[in-house]
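Welcome! Please take a moment to look over the protein below, and then walk through its main features with this briefing.

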Amino acid sequence: MSDDYPLRPFLPADAMVLRDLFAQSIDELTADDYDEDQRLAWVATAEDAAAFRDKLAGALTLVVQLDGEYLGFGSLKDNKTIDMLYVHPDFAGEGVGTALAEALEKIAGARGAEAVTVDASDTAVPFFERRGYVGAQRNSIPLDDQWLSNTTMVKRLAGNPAKAEPPKVS
């Protein structure tokens, strides 16, 4: 299914549309797990358009765009962390996130990463579990006057037979 979606690198001209997609995805797809104030605080992290563009440009960011329509985007930070993975609500559950995650995992592996980590929202945990990620720790993130929970998850990449284990905390 992931072959159905063309992936391309992020371009600075994408930033405004992706910022809107980011907001729509959070607002519509995470409502079961985060209340309105939490979602507004999360969306507000992209208020500064230049900072959002720079964040996407500072990572390896892939975009799925089909017939001029933006379906989703994902970014890989430090060649081993999925920093962002957002799908337009109209295309949720249609393989867009899978195509992005697969590509980012392959790139990480090709660049020498033994494992990929992600701080998955409560909404995204089942998606990443289906992809073989294992929960390592729960986090509470302060945003404005809100606290958002997420889970750091780890997936060992092919070529490393060790089972995914939580990182050692000293």
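Here is a short guide to the sheet, its strands and the largest pocket.

Keep in mind that this is a predicted model. At its heart is a topic worth starting with: an open sheet built from seven strands, whose pairing is mixed. The largest pocket, with a volume of about 1100 Å³, is the other main subject.

**The sheet as a whole**

- Reading across the sheet, the strands come in the order 1-2-3-4-5-7-6.
- Strand 1 (7–9) and strand 6 (134–143) are the edge strands, as each pairs on one side only.
- From one strand to the next, the twist averages 30°.
- Helix 2 (residues 36–43) lies across strand 4 (81–87), strand 5 (115–121), strand 6 and strand 7, and runs at about 65° to strand 7.

**Strands 3, 4 and 5**

- Strand 3 (residues 69–77) and strand 4 are antiparallel partners, with six bridges between them.
- One pair to find here is glycine 74 with its bridge partner in strand 4, leucine 85.
- Three residues sit between the strands in the hairpin of strand 3 and strand 4, where aspartate 78 takes a positive phi near 55°.
- On to the next pairing: strand 4 and strand 5 run parallel and are joined by two bridges.
- Threonine 81 stands opposite threonine 117 of strand 5.
- Why is strand 4 largely enclosed by the rest of the structure? Six of its seven residues are buried, so the strand has the rest of the structure around it.

**Strands 5, 6 and 7**

- Strand 5 and strand 7 run antiparallel, joined by seven bridges.
- Within this pairing, aspartate 119 has threonine 152 of strand 7 as its bridge partner.
- Strand 6 and strand 7 (residues 146–156) also run antiparallel, and nine bridges join them.
- Asparagine 139 stands opposite asparagine 150 in strand 7, and proline 142 has tryptophan 147 of strand 7 as its bridge partner.
- The hairpin of strand 6 and strand 7 has two residues between the strands, and in this hairpin aspartate 144 takes a positive phi near 50°.
- Strand 7 is mostly covered, with eight of its eleven residues buried.

**The largest pocket**

- How can empty space be found in a model? Rolling a probe the size of a water molecule over the atoms shows where space is left.
- The largest pocket is lined by 43 residues, and the closest to its centre are Trp42, Leu85, Tyr86, Ser121 and Ala124.
- Which strand gives the most to this lining? Strand 4 does, with seven residues.
- Other elements that each supply at least two residues include helix 1 (15–29), helix 3 (49–57), helix 4 (96–110) and helix 5 (125–130).
- By type, the lining of the largest pocket divides into 25 nonpolar, twelve polar and six charged residues.

**A closer look at serine 121**

- Serine 121 is found in strand 5, and Ser121 is also among the residues closest to the centre of the largest pocket.
- Is serine 121 buried or exposed? Serine 121 is buried, because its relative accessible area is 13% and the cut-off for buried is under 20%.
- Leaving aside neighbours within four places in sequence, serine 121 is in contact with Tyr34, Trp42 and Asn150.
- Two of these contacts have appeared above: Trp42 is another of the residues closest to the centre of the largest pocket, while asparagine 150 in strand 7 stands opposite asparagine 139.

How values were computed. Residues are numbered from 1 along each chain as its sequence is written. This is a predicted model: local features need pLDDT of at least 70, side-chain atom pairs count only at pLDDT 80 or more; totals for chains, interfaces and linings use all residues. Side-chain values use heavy atoms; hydrogens and water are left out. Two strands pair if DSSP finds at least two bridges between them. Helices (H or I, at least four residues) and strands (E, at least two) are DSSP runs, numbered from the N terminus. Axes are lines fitted to C-alpha atoms, for helices over the stretch in contact, and angles run from 0 to 180 degrees between N-to-C directions. Contact means heavy atoms within 4.5 Å. On a 1 Å grid over the protein atoms alone, a cavity is a set of points where a 1.4 Å probe fits but cannot get out, and a pocket is an open set with protein on both sides within 12 Å along at least five of seven lines; lining residues have an atom within 4 Å of a point. Grid points are joined across faces, edges and corners, and a volume is the space filled by probe spheres set on the points. Ala, Val, Leu, Ile, Met, Phe, Trp, Tyr, Cys and Pro count as nonpolar, Asp, Glu, Lys and Arg as charged, and the others, Gly among them, as polar. Buried means under 20% relative accessible area, exposed over 50%, partly exposed in between (1.4 Å probe, protein chains only).
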